[in-house]
Amino acid sequence: YKEPPYTRIDQLIDDLAPEIAKDIGQSDFALYGHGMGGIIIFELARKLQESYGLIASCVFLGSIKAPGVPEVKKFPGRRKYTAMLNNDSDILEDVLLLGDAIPKEVVNNKEIFEIFMTSYRADLQMCSMYDFKTFKLKSPIIGFVGTEDVYDKEHLEPFSNFTTKYAKVITVEGKHLFISTEIGCKSVVESIKEHWIDKTGS
């Protein structure tokens, strides 16, 4: 936390991509991103493909709506990113609406909570300034959505418009952070094994 957080996705990707490309080399690879991290992974996959010729065997995205899909209506109290940036109470309300995005121990600890808020504000700013440019990945896209998530399958299915391969949405038991539960994590790992490891032998 000594370095200032990123507030623009393009800047983050420009710094991240060459390091990831160097680590990947000629190896087979897949990518997974969850929530706001899904936007980053989506753009990272694009950058690796366009600038380095590196094509992920599969891109896995959890609990994220596809570009161009309207805002979620399931929780009408949720505010747009730009409307929350300067109001911590609005940010906290939004996080709590997700159901499981932040442990109560963090909310009740002022010092830890402020560390969380510093990062979360920056994440919100990144998302509010996200300028999507249409492109198609040459990788399959597998989306995951929780049974009690803020998103539905309909929010992820349009990712099929952004790949030359196939796209699929898998429902996993749990809320927004289903990846953090034993049953949710197991379901995701099994799907990664099915759609990547078993097919490529990686």
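**Exercises on a helix pair, a pocket and a serine**

The crossing of H1 and H2 is right-handed, meaning that the near helix is turned clockwise from the far one by less than a right angle. This is a predicted model, in which local features need pLDDT of at least 70, side-chain atom pairs count only at pLDDT 80 or more, and totals for chains, interfaces and linings use all residues. Residues are numbered from 1 along each chain as its sequence is written, and side-chain values use heavy atoms, without hydrogens and water.

**Exercise 1.** Classify the packing of H1 and H2 by angle.

*Solution.* Helices are DSSP runs of H or I with at least four residues, strands are runs of E with at least two, and both are numbered from the N terminus. Step one: the angle between H1 and H2 is about 60°, and their axes lie 9 Å apart. Axes are lines fitted to C-alpha atoms, for helices over the stretch in contact, and angles run from 0 to 180 degrees between N-to-C directions. Step two: under 35 degrees is roughly parallel, over 145 roughly antiparallel, 65 to 115 roughly perpendicular, and the rest oblique. H1 and H2 are therefore oblique to each other.

**Exercise 2.** Locate serine 63 and decide whether it is buried or exposed.

*Solution.* Step one: serine 63 sits in the loop between strand E2 (58-62) and helix H3 (81-84). Step two: its phi is near 50°, a positive value in a residue other than glycine. Step three: the relative accessible area of serine 63 is 1%, so serine 63 is buried (buried is under 20%, exposed over 50%, partly exposed in between, with a 1.4 Å probe and protein chains only).
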